[in-house]
Amino acid sequence: MRRSADDPLGALWSAVGRSVADATAAGHTPVILIDGPSGAGKSTLADLLIARWPAEGRPRLVRMDDLYPGWDGLDAGSEALGRDLLEPLRSIGAGSWQRWNWAGRHPSGVELVAGGEPLVVEGCGTLSRRNVARADLAVWLEADDVLRKERALARDGATFAAEWDRWQAQFDRFVAREHPRASAGLVLDVSGLDLPGGLTDVPAGTTVES
């Protein structure tokens with residue numbers, strides 16, 4: 001496991017560049033997974049990574065927020081990521097993910113992902129051991145707990161405030177079972193980074209196609 005506290009962005013760019021090159025040489029779609037607790041900066045860092053892509057190819061982005069089937073769906077989303085997207089993408093070069101309609105509380109269509117362009121997936125629950133086995137780079141983010149909550153509530157407001165404890169309890173169980181930090185190839189403390197929103201025009205759930 002590698003860790004960088006002095007230059008987390010530099011460490012990420014270097015690791016992504018190496019991982020994409022190695023995956024391409026091996027003949028499979030490069031997959032980068034980004035996990036960490038709520039408010040650590042996963043979405044914003046993924047946006048920044050897409051905007052300043054440090055490797056070959058045009059990356060595609062999938063957000064776990066669009067896979068979870070509701071506020072109790074962390075485990076279901078994590079399992080679906082591996083079963084429907086990562087495993088078939090690695091074995092046959094094409095996979096899919098089920099979009100969730102949060103307002104209507106029902107599935108709202110299947111998104112297909114195929115071909116060799118790099119794939120970035122960000123969100124809580126990405127780094128299950130099953131998923132990490134199908135990834136070329138697994139990144140774990142950590143940040144000060146007070147800062148994390150401030151970031152998350154500033155982003156999602158009252159909606160997330162009401163569900164914070166419920167979601168955190170699921171995440172704690174996931175961490176205890178899957179040990180995602182130990183599975184990560186790169187662990188970054190992003191407490192000291194200024195990670196404002198709106199770094200790119202990539203909306204939640206968008207797959208950036210080549």
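**Strand β7 and two residues with positive phi**

In this model, 6 of the 6 residues of strand β7, which covers residues 137–142, are buried, so the strand is largely enclosed by the rest of the structure. I should say straight away that the model is a predicted one.

Let me stay with β7 for a moment. In a regular strand the side chains alternate between the two faces of the sheet. In β7 both faces are covered, with Leu-137, Val-139 and Leu-141 buried on one side, and Ala-138, Trp-140 and Glu-142 buried on the other.

Which strands pair with β7? Strand β2, residues 31–35, runs parallel to β7 and is joined to it by 4 bridges, and if you look for Ile-32 you will find it opposite Leu-137 of β7. Strand β8, residues 186–189, also pairs with β7 in the parallel sense, over 4 bridges, and here Leu-141 has Leu-188 of β8 as its bridge partner.

Now I would like to turn to the backbone in two loops. Most residues other than glycine have a negative phi. Arg-105, however, is not a glycine and yet has a positive phi of about 60°; this arginine lies in the loop between β4 (94–101) and β5 (106–114). His-179, which is not a glycine either, has a positive phi of about 50°, and you can find this histidine in the loop between α5 (145–178) and α6 (180–183).

Are these two residues buried or exposed? Arg-105 has a relative accessible area of 70%, which is over 50%, so Arg-105 counts as exposed. His-179, with a relative accessible area of 44%, is partly exposed.

Notes: Residues are numbered from 1 along each chain as its sequence is written. This is a predicted model: local features need pLDDT of at least 70, side-chain atom pairs count only at pLDDT 80 or more; totals for chains, interfaces and linings use all residues. Side-chain values use heavy atoms; hydrogens and water are left out. Buried means under 20% relative accessible area, exposed over 50%, partly exposed in between (1.4 Å probe, protein chains only). Two strands pair if DSSP finds at least two bridges between them.
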